[in-house]
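Student: I am new to this structure. Can we go through it by asking what the labels rest on?

Tutor: Gladly. Here it is.

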Amino acid sequence: MLRVAVVGSGPSGVYAAQTLVQQREVPGVRVDVLDRLPAPYGLVRYGVAPDHEKIKSLQGSLRTVLEDERIRFLGNVEVGGAELSTERLLELYHAVVYCVGAARDRLLGIPGEELAGVHSATAFVSWYSGHPDAVDEVFDLPGVDSAVVVGAGNVAVDVTRILARGTAELAPTDMPQPALGALAASGVRRVAMVARRGPSQGKFTTKELRELGTLPGVGARADRAELALDPMYTDPGAAAALPAVARRNLEVLRGWAEAEPGGEPRSIALRFYLRPVEILGGPDGRVTGMRFERTAPDGLGGVTGTGVHEDIEAQLVLRSVGYKGVPLAGLPFDPAKGTVPHAAGRVVRAGRASVGEYVAGWIKRGPTGVIGTNRPCAKETVSSLLQDAAVLARRELPGDPLDALRAAGLHPVEWPGWQAIETAESDLGRSLGRRSVKIPDWAGLLGAAGLT
C-alpha cells in the first residue's frame, strides 16, 4: 500500500487526493490530506466572497472527495514547524504532495504604503471571510467616505463589491458577525477601482464585472475619455481579435460610460491608465488619498508614463496586485517566481528531481488560472508520482502517521471534528437569526472541534 500525504486541503490538494485514489495504475493508495487550519477547502472557504454562493457551493464537491474512505482529513497540522519538519513528514509517508498555494500579497513598492488605512486585499478578504489569522485585523470603516482599490482582477472586483454592497444583502451569507457589523457601520460612499492599463487588459471576468452594476443603491461609472485611450475600445476591428471575455467587458464598460447618473447614494468608479505613484497621508499618519500618474498605451501591449498626475481622495486603500508563494521551511524556493522549483511536479533540489516530494497548485505554477485549472495541474503531478511508485513503495514506513503526529505534540482535527465545527457554525447562525455563520477565531474553531 502506498501512503501519501497531501499538504493543503484547497482545490489543488483535494484534486490531487482524488486523482490518487481514483487511478488504477497503483492499487491501494491511501491519502492523508493535512492542513494548517482546522477547516478544509482552502480559498473556497476563505477566499471566495461570501455573497458568491454558487462558487462557494464547490465545497460540496470537495466534501465528497474528502469523505472517501481512502482519504483522511487531518486539520490543525502545520508542516515546516518545530513539531513537524518536511524531513520528518517524508519519513512518515512514501510521498508528499505540497499544495500550499500562494499566501502572500504583492506590495506596490511606493511611498506611503505603511500608512494607517492601507491594507492588502488579501487581508480584507481573509477578515470578511472569517480566516482565523485575520481575526485581529482592524478596518476603520465608519471613518471612511472614499476608498481606492488598486487592481483589475476578480479579487479587486470582490472587495469593491463588498465595500459598496448593503448589509441587507450580506446578512444571509456566512460572513462572521463582527465583519458584518463593521460593514453595517461603514461610512463608505465612493469606491474607485483603479487599473494601470486599459479596459481591454482587465483580468476580471464579465459576470463579476456586471454584478457591480446591479448592486442596489449603487451607481457604477466608467470614464468615457479613459476608455477611449484604449485602441481596442475605439476600433471595432481590433476588438474583434480580443478574447470573448475582453470584448464583453468592453461592452459592459461602454454601457456604464454612456449611462446618465442615477443619483444613487453610493458609487463605484472604474478608472484606467493610472499608475500608483504615492499614497498620501495626514499628520496623524493615516491615509488621505493616492497620487497616480496618467499612463498611455505604448503600442506594445504595455503602458508608458505621461508625467501628468492625479490625486484621488481615500481614507482606505486596498491593494490587489497579485499573490506570491511563501517559502516553506525545508523545501527549495525560487523567490523570483514565488514557487518551488519542479520538473512536471517533482520537487527539484540542487538541479535534480527529489523522488518522493511533489508540488501542485499555485506553489507549483504561480498564482494563475481559475479553480478548474488545478485539475490538470494536479493530474500532471500525480502522474509523476505514480511513475515513481515502484521506487517509493520499497521503503517501509514506521506505522500509522497519525500516531506519530500525536506523539510529536500535534492535535489533528479529523473529519468528525470538522463536522462539529460545521454544527457549531449552524448553531451560531441560528442564534443570530441568520444561516450558518463562520467562527472567525482559532480558539472558537478548536473548541468547536473538541480541542480545548
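Tutor: Start with Cys 377, which is buried, with a relative accessible area of 8%. Keep in mind that this is a predicted model.

Student: What makes Cys 377 count as buried?

Tutor: Buried means under 20% relative accessible area. Cys 377 has 8%, so the label is buried.

Student: And which label does Cys 99 get, buried or exposed?

Tutor: The relative accessible area of Cys 99 is 6%, so Cys 99 is buried as well.

Student: How do you know that Cys 377 is not bonded to Cys 99?

Tutor: A disulfide needs two cysteine sulfur atoms within 2.5 Å. The sulfur of Cys 377 lies 7.8 Å from the closest cysteine sulfur, in Cys 99, and that is too far for a bond. Cys 99 is therefore in no disulfide.

Student: How many disulfides does a search of the whole structure find?

Tutor: Zero.

Student: Which residues have the most contacts inside the largest nonpolar core?

Tutor: They are Phe 124, Trp 127, Tyr 128, Leu 163, Trp 256 and Leu 270. The core has 54 residues. A second, separate core has 44 residues, including Ile 71, Cys 99, Leu 392 and Ala 449.

Student: What makes Cys 99 eligible for a nonpolar core?

Tutor: Cysteine is on the list of residue types for a core, and the residue must be buried. Cys 99 is buried at 6%, so Cys 99 meets both conditions. Joining takes side-chain atoms within 4.5 Å.

Student: What does Leu 163 touch, leaving aside its neighbours within four places in sequence?

Tutor: Leu 163 is in contact with Phe 124, Leu 141, Ala 147, Val 149, Val 188, Val 191, Leu 316 and Leu 318. Leu 163 is also one of the buried residues of H7.

Student: Why is helix H7 called largely enclosed?

Tutor: Count the buried residues. Nine of the eleven residues of H7, residues 154-164, are buried, so the helix is largely enclosed by the rest of the structure. Among the nine are Asp 158 and Arg 161.

Student: What makes Leu 62 a buried residue?

Tutor: Its relative accessibility is 1%, and the limit is under 20%, so Leu 62 counts as buried. Leu 62 sits in helix H4. Leaving aside neighbours within four places in sequence, its contacts are Pro 11, Val 14, Tyr 15, Tyr 41 and Val 44.

Student: How far is Leu 62 from Tyr 15 in space?

Tutor: Their C-alpha atoms are separated by 8.2 Å, and the two residues are 47 residues apart along the chain. Now take Arg 197 and Gly 187. They are ten residues apart along the chain, with C-alpha atoms separated by 29 Å.

Student: Why is Arg 197 called partly exposed?

Tutor: Partly exposed lies between the 20% and 50% limits. Arg 197 has 27%, so that label applies. Arg 197 is in the loop between strand S8 and helix H10.

Student: His 131 is in a loop too, between helix H6 and strand S7. Why is His 131 called buried?

Tutor: The label goes by accessibility. His 131 has 14%, under 20%, so His 131 counts as buried. Leaving aside neighbours within four places in sequence, His 131 is in contact with Arg 36, Leu 37, Tyr 46, Ser 126 and Pro 440.

Student: What makes Ala 344 and Ala 350 worth a look?

Tutor: Most residues other than glycine have a negative phi. Ala 344 has a positive phi of about 50°. Ala 350 also has a positive phi of about 50°.

Student: Where are they, and which labels do they get?

Tutor: Ala 344 is in the loop between strands S16 and S17. Its 31% falls between the limits, so Ala 344 is partly exposed. Ala 350 is in the loop between S17 and S18. Its 86% is over 50%, so Ala 350 is exposed.

Student: Last topic: the second largest pocket. How much space lies in it?

Tutor: About 370 Å³. It is lined by 20 residues, and the closest to its centre are Arg 45, Lys 56, Gln 59, Asp 174 and Ser 436.

Student: Which helix gives the most to that lining?

Tutor: H19, with four residues. H3, H4 and H19 each supply at least two. By class, the lining has five nonpolar, six polar and nine charged residues.

Conventions
Residues numbered from 1 in each chain as written. Predicted model: local features only at pLDDT ≥ 70, side-chain atom pairs only at ≥ 80, totals over all residues. Heavy atoms only, no water. 1 Å grid on protein atoms, 1.4 Å probe; cavity = no way out; pocket = protein on both sides within 12 Å on 5 of 7 lines; lining within 4 Å. Points joined across faces, edges and corners; volume = space filled by probe spheres on them. Nonpolar A, V, L, I, M, F, W, Y, C, P; charged D, E, K, R; others polar. Buried < 20%, exposed > 50% of the residue type's maximum accessible area, 1.4 Å probe, protein only. Contact = heavy atoms within 4.5 Å.
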